[in-house]
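Welcome to a short set of exercises on salt bridges and burial. Have a look at the model below, then work through the steps with us.

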Amino acid sequence: MTSATKDKDFRCGTISIAGRPNTGKSSLLNRFIGQKLSIVSRKAQTTRHLVRGILTTPDCQYVFVDSPGFQTLHNNVLNKTLNRRATEAARDSDVALWVIEAPRILEPDRNLLARIPAGRKVIAVANKLDMVKERERLLPFLDNVSKERAFHAIVPVSAKSGKNVEELLRVIREALPKGEPMYPEDQLTDRDERFFASELVREKLFRELGEELPYSCEVAIDSFKEEGALRRIEATIWVDRESHKPIVIGDKGERLKRIGTAARKDMEQLFDGKVYLGLWVKVKRGWTEDARALRTFGYT
């Protein structure tokens, strides 16, 4: 028994972080855990895979599940798969955080909320509190939120500044069942370094490229070797059209070099060691519509 389980009122459970794209779900997870686990960009559906972040305190173990943003902008097989993941994560957790962007509620917000079963405990999280300049708008907005559903609680926060995040954790703990921890108290995630290496490369793709191309890009780790204190990583950036290759590579390879350098620096910080990163760009035509290709990339 760990020291954390000595508390008879110890609580443990899963908390899904659900919402439409760009409401700050991944930033909220990173704020909870205290370090970067989910990749972040301003573009929709940067998050594609379920990422569990584990926070253990003396009286609670929070198992957060960051899921893809629910949206209907793209209607391909990939997007349908991501929407299904988002819905299932919210449906199957002990508590669902319905993350919206203060001070507004959009139709996609309501669409996702409607998919969460009536019996599930839902906490409405009004994020981006730091962006609300006219504070007199906040109370009427929160009143409108309360009319959407019988929420367990409504908590305005700022994932960026950390404002009210401790209060949100307190509210979440109250909603979780009593029970033993599911993970060792020093474990932060259920994902390995290979996964985070691919995610960091994909984050740089999203930040470097335009509005449409990132959605047809995927990253696969071909080789991940530890040689003493050095991690030697080879990865392929897959695009679905031949014309996309020169866009990713850039003039004389400069764009690919920038992507690789930025990803490598983040990996070295995350892995606390030196990294060699080799990147290649290849074409897999129509992979976003190919169920077999999606399984190869880890979408099930």
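**Exercise 1.** What percentage of the 300 residues of the chain count as buried?

*Solution.* Start with the ground rules: this is a predicted model, where local features need pLDDT of at least 70, side-chain atom pairs count only at pLDDT 80 or more, and totals for chains, interfaces and linings use all residues. Residues are numbered from 1 along each chain as its sequence is written, and side-chain values use heavy atoms, with hydrogens and water left out. Next, apply the cut-offs: buried is under 20% relative accessible area, exposed over 50%, and partly exposed in between (1.4 Å probe, protein chains only). The result is 53% of the 300 residues.

**Exercise 2.** Place the salt bridge between Asp109 and Arg20 in the chain.

*Solution.* Recall the criterion: a side-chain nitrogen of Lys or Arg within 4 Å of a carboxyl oxygen of Asp or Glu. Here the N to O distance is 3.0 Å. Asp109 sits in helix H3 and Arg20 in the loop between strand S1 and helix H1, so the pair ties together parts 89 residues apart in sequence. (Helices are DSSP runs of H or I, at least four residues; strands are runs of E, at least two; both are numbered from the N terminus.) Finally, check burial: Asp109 is buried at 1%, and Arg20 is buried at 8%.

**Exercise 3.** Is Lys147, the partner of Asp143, buried or exposed?

*Solution.* First, the pair: the closest N and O atoms of Lys147 and Asp143 are 3.5 Å apart, forming a salt bridge. Then, accessibility: Lys147 is exposed at 63%, while Asp143 is partly exposed at 40%.
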